[in-house]
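Here's a quick briefing on one sheet and the helices around it. Have a look at the model first, then go through the notes.

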Amino acid sequence: MVDRPSGQLPEPLHARPVPRPGRWVSAAVVLVLVAMAVNALVTNPNFRWDTVWLYLRDVVVVRGVGWTLVLTFGSMALAIVLAVMLAVMRRSDNPVMRGVSWFWIWFFRGTPIYTQLVFWGLLSVLYPRLSLGVPFGPEFWTFTTQDVITAFWAALLGLALNESAYLAEIVRAGLSSVDPGQTEAAKALGMKDGKILRRIVLPQAMRVIVPPTGNETISMLKTTSLVLAVPFTLELTYATNAIGNRIFQPIPLLIVAALWYLLITSVLMIGQHYLERYYGRGFDGGRTGGGRGPRGGRRKPRKQDLIGASGTTKDDPFLEVTP
Amino acid sequence: MTGTTATESDPMVVVRGVHKVFGRGADGVHVLTGVDLDVARGSVTVVLGPSGSGKSTLLRCINELEEITAGSVRVDGELMGYREDAKGVLHRLHPKVIAKQRSRIGMVFQRFHLFPHKTALENVMEAPVQVRGLSRAAARQRALELLERVGLSDRVDHYPAQLSGGQQQRVAIARALAMDPELMLFDEPTSALDPELVGEVLAVMQDLARSGMTMIVVTHEIGFAREVADHVVFMDDGAIVEEGAPADVLDNPSEPRLRDFLAHVL
């Protein structure tokens, strides 16, 4: 703050606020409705809250949570790698690369994930043997498909390939949000395309890529419940359904699964919040005023603030999210 | 491939019959319509002209940021972007080779284009380390020297967003100099700057010119052209319409379009 010579701050205005009785009435109505809903949930014996509480900590359920997390993060990791490759291929000069990338995105976005998972499950029926060798020529190694592509890998691959199509569009939007001047400056310095992508463009595209990717991760958490199509039977939804059917109490076990999904989503949302704050901050900040250096006692501004402040990426590129 | 042996007396840059058409067919925009230009070693050439006259495109054709449609560009005797075999057939060069050619030509942009995720020091170190394969320690030493030369020793750890426009442009000049270029291209280096910041950038450029760097400068700063340039070129409609020593071109323009332009700029 700059101290003016006169120094005196004026006495702020004191005025009565506009009366808003409607606010109080609407708040009261909504609160009564909420109380009714909570009451209807808690006091209804059909929900069997005691059973819910019992199975919330069941070994099979917790193990299901573990498998769900493995599927979520495993498939997202693989999908991110594929998506970057697809996005780069989509921008390639080579028409074959562009075409393959376009086709991949078209196919995996255009067919239901459930159908895709069924086909991954049927892979060992459709192709009982897999082999490595010269294309259309001699084979060097052969495997039984069932031994290589187990139910778990079929589920993971199915989820990852489907997700890669969505993420590829997000990555593409991120890459094209970076000012083309950045690529030109790097080119003029004699940098090659691969280095320009890795060292100059991708780091700046992250600001646009990360928030929707967090969103996709939360979406993926719930999508893993579809892997019973493979069938993969260890994840949360299948595990709780199995218990529910065995003890003839499907409803409490559905609630168990829902509560776990909510819990994990909440944790992911907290993570996403911090990630977005990190990558989205500093649209106007980051400029240190009085010419004081980063070592002049001031907090070193986050790198990401400065990328944002430089305005080399667009604020709101059109992004496609969630199926 | 330096096939032809360039001697000290040969020009640094030889542009012959360069045409540039953006787009194809009837919709194509003919931006350069046959440009011939010689730039002597160690000289400063200032390119003037109204906007849309093709000044920036000419600059971008010299370092292959734009592919030329016809003609040839030679820098230090070496054909840019192509290889001519014994039978006179042209072969497009591999992007790696073109990148290598570009690395010997420094370029400074109107809008700086510093890398926002890197400090001033890292911006200057980036190309020597990544393109030349210089050790980080050596690149750092050299970058510090260059930043001192442009008067920014106290700003080495600042990110571009923390620097004024003039400071950013001076870092951009240091970044280009870090590759030890034999030729420097300036594309309206002061046009995006607040008026009070123009002087500090021009001073750095003047110092560079005095040190014997070959420079091609696209600018509207007539004062700079008069004081620093060895050769002034006036472009209009994609061609060079008048060129010569600054005193002749700026004070006794024979071309009415140039007279008109100078009347508007001054």
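Helices (H or I, at least four residues) and strands (E, at least two) are DSSP runs numbered from the N terminus, and two strands pair if DSSP finds at least two bridges between them. This is a predicted model, where local features need pLDDT of at least 70, side-chain atom pairs count only at pLDDT 80 or more, and totals for chains, interfaces and linings use all residues. Residues are numbered from 1 along each chain as its sequence is written, chains are lettered from A and ligands numbered from 1 in the order in which they are written, and side-chain values use heavy atoms, with hydrogens and water left out.

**The sheet**
- Chain B has an open sheet of six strands with mixed pairing, in the order β8-β9-β10-β3-β11-β12.
- At its edges stand β8 (105–108) and β12 (239–244) of chain B, each with a single partner strand, so one side of each has no neighbour in the sheet.
- Strands β3 (residues 44–48) and β10 (residues 214–218) of chain B pair in the parallel sense over four bridges, and V46(B) has V217(B) as its bridge partner in β10(B).

**Helix α9**
- In helix α9 (residues 256–265) of chain B, the buried residues (under 20% relative accessible area, 1.4 Å probe, protein chains only) are L258(B), F261(B) and L262(B).
- The face turned away from the buried side of α9(B) carries P256(B), A263(B) and H264(B), which are exposed (over 50%).
- The buried residues of α9(B) pack against β3, α7 (222–228), β11 (231–236), β12 and α8 (246–251) of chain B, with contact meaning heavy atoms within 4.5 Å.
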